[in-house]
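Here are a few short exercises to work through with the model open beside you. Try each task on your own before reading the solution.

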Amino acid sequence: MNDQIPQVAIVILYQDNKYLMQLRDNIPTIAAAGCWGLFGGHLEADETPEIALVREVKEEISYELPSFVKFGIYSDERVIRYVFQAPLLVGLDQLVLNEGWDMGLLTREDIERGSYYSAIAGEFRPLGIPHQKIMLDFIVGDR
């Protein structure tokens, strides 16, 4: 593993041909601020991507991940993203949003359009560019 580049573990949570995404906080110092992205976060020291994923999802939405599998690795000069996929087996009303501004179940059309309406923000907000690419790769490919 490269200690110089930050590493994150993120998950594509799917339910009935929709995909759970997080509207990231509108804080200018965070990546994809104010944009829709995938749930997950940074790996802590000596933590595997799988352990980080389970921890982050529990912290962010109080969801115990069922089985999950690796989808791929997306790297650029700023970050290494370990991407996993898992079913979302509960309704949104059973999740607790502990991090982020909003969450929503996006359709393929929302993801292709690159924006989704947030009632909390009161407007359409864009998908983060890397998140949209990951989601389009996932939707086009077969699970």
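**Exercise 1.** In this predicted model, find which residues Ser 118 is in contact with, leaving aside its neighbours within four places in sequence.

*Solution.* Start by locating Ser 118 in strand 8, which covers residues 115–118. Next, set aside the neighbours within four places in sequence; the contacts are then Leu 23, Trp 36, Asp 102 and Glu 123. Finally, look at the polar side: the side chain of Ser 118 reaches the backbone nitrogen of Ile 120 at 3.3 Å.

**Exercise 2.** Decide whether Ser 118 is buried or exposed, then do likewise for Ile 30.

*Solution.* Take Ser 118 to begin with: its relative accessible area is 0%, so the residue is buried, as the cut-off for buried is under 20%. Now move to Ile 30, in the loop between strand 2 (18–23) and strand 3 (36–37). Ile 30 has 29% relative accessibility and therefore counts as partly exposed. To place Ile 30 among its surroundings, skip residues up to four places away in sequence: Ile 30 touches Arg 24 and Asp 25.

**Exercise 3.** Work out how strand 8 and strand 9 run and how many bridges join them.

*Solution.* Begin with strand 9, residues 123–126: four bridges join strand 8 to this strand, and the two run antiparallel. Then pick out a facing pair: Tyr 117 stands opposite Phe 124 in strand 9. Last, follow the chain through the turn. The two strands form a hairpin with four residues between them, and Gly 122 in that turn has a positive phi of about 75°.

Key:
Residues are numbered from 1 along each chain as its sequence is written. This is a predicted model: local features need pLDDT of at least 70, side-chain atom pairs count only at pLDDT 80 or more; totals for chains, interfaces and linings use all residues. Side-chain values use heavy atoms; hydrogens and water are left out. Buried means under 20% relative accessible area, exposed over 50%, partly exposed in between (1.4 Å probe, protein chains only). A polar contact is a pair of N or O atoms within 3.5 Å; within protein, one must be able to donate a hydrogen and the other to accept it, and residues adjacent in sequence count only if both atoms are side-chain atoms. Contact means heavy atoms within 4.5 Å. Two strands pair if DSSP finds at least two bridges between them.
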